[in-house]
Amino acid sequence: MNNQVYSERPWLGFPTSKSLGSFGDANCMEQLLVRCANAIENNDATLAQQILWVLNNIAPPDGDSNQRLTCGFLRAIIARAAKSGTCKLLTAMANVHTNLAMNNHKFSIIELASFVDLTPWHRFGYTAANAAIIEAVEGYSVVHIVDISLTHCIQIPTLIDAIATRFEAVPLVKLTVAGHTEDFPPMLDLSYEELGSKLVSFSRSRNVVMEFSVIPSSASNGFSSLIEELRMQHRGENGEALVINSHMMLHYIPDETLPVVQNTSSPQISIETCSSNSFLRSMFLEALRSLDPTIVILVDEDADFTSNNLVHRLRSAYNYLWIPFDSVDTFLPQGSKQRQWYEADICWKIENVIAHEGPQRVERLEPKSKWVQRMRNASFRGISFSEEAITEVKSMLDEHAAGWGLKREEEDVVLTWKGHNVVFATAWLPI
């Protein structure tokens, strides 16, 4: 089936291809996506096909940032429609767009480190977190870092450098990694054991002794195996700084919009040490509090993808994910492999948010305000980032395009793009 299936003619009431220019602004494309999503949810195949024809003509995959963004949502909507079996035509369109789909790249560790350095999206959280961690662990002879990170410990070498250079008496570093049992982009092409060996060697080169361990853990059950292992490790441990470093991973824990399903083969966090709140995100934070950590760092994307209403979720995602498409023009040339990898990862997120439901919809971002309330409810109090930390973050941002910015919101710091919130970084102490 070729593109003629859905581009050979317009439908009554829609423009011809020669007059589609007026449909090319972001607001109009968003409205078309919303109308299309509504049509699919209402099983109105005729209207859905009409709108999809227009979107297919105004949102090429190699267009400007708004067109590429819209193309990503178009693919996701088609995938959703094909799953629902709305009509054979949409299934044919799904097959065409599958051929155009971008595969998620598996990075080498060197590729991933270079990839992350291209933009402040992750570096912002790394820089703020490392500065806060260094201040919190000063004076401890043993520092136990629990890394719950989307980017496979890429933050750790910089932290090891800081430990090696800032402390006269260099502490023993224990690094415990929550090994993903699910595949979320960006994906790595080596095992955690190999990664650990590289980190231990790097630390040795900086005269820092590191003990590395990985605990296979799943966000779907609130990292229960990680929590249980940490409980066993920290019985009777005195004089050891416990650092919980969470970077863009906690939103993969199911939230209240996805009821917890008990599974005997995948144990949940023990409710004995938690309050009566049975939701996994809150349970996880309460379990962290029971470990009495020295400091908890929580970094994540500042958006809300939790709604069970498709249109609400689409609007929220569209009005957040324009940012990576808009900003990529400042650091990656069109047609480059790195740009293809970057946008493929964003499109994976879009498809998960739009095309999937239930446990398969894992991209459930919550805004900073919601996480702040969760942390307070779990008996943590926020602490401010020091002026030295703020200076380091600003210095890092100076290496990137002028559109990136920093703003403070109470104790927290927020990365912005053209004034819009992107990523937040927060630091917490147990009460």
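Q: In this predicted model, in which helix is the place of Ser-327?

A: Ser-327 has its place in helix 12, which spans residues 310-327.

Q: Is Ser-327 buried or exposed, and how should one read its relative accessible area?

A: A residue counts as buried when its relative accessible area is under 20%. Ser-327 has a value of 0%, and is therefore buried.

Q: Which residues does Ser-327 touch, not counting residues up to four places away in sequence?

A: With those sequence neighbours left aside, Ser-327 touches Tyr-342, Trp-404 and Trp-417. Trp-417 leads us on to the strands, since strand 10 covers residues 412-417, and in strand 11 the bridge partner of Trp-417 is His-420.

Q: How many bridges join strand 10 to strand 11, and what does the hairpin of these strands look like at Lys-418?

A: Strand 10 and strand 11 run antiparallel and are joined by 5 bridges. Their hairpin has 2 residues between the strands, and in this hairpin Lys-418 takes a positive phi near 50°.

Q: Which other strands are joined to strand 11 by bridges, and where can the pairing be followed residue by residue?

A: Strand 7 (residues 295-301) runs antiparallel to strand 11 and is joined to it by 6 bridges, with Leu-298 standing opposite Thr-426. Strand 8 (residues 380-383) is also antiparallel to strand 11, through 4 bridges, and here Ile-383 has Ala-427 as its bridge partner.

Q: How many residues of strand 11 are buried?

A: In a regular strand the side chains alternate between the two faces of the sheet. In the present case, strand 11 (residues 420-430) is mostly covered, with 9 of its 11 residues buried.

Definitions and conventions:
Residues are numbered from 1 along each chain as its sequence is written. This is a predicted model: local features need pLDDT of at least 70, side-chain atom pairs count only at pLDDT 80 or more; totals for chains, interfaces and linings use all residues. Side-chain values use heavy atoms; hydrogens and water are left out. Buried means under 20% relative accessible area, exposed over 50%, partly exposed in between (1.4 Å probe, protein chains only). Contact means heavy atoms within 4.5 Å. Two strands pair if DSSP finds at least two bridges between them.
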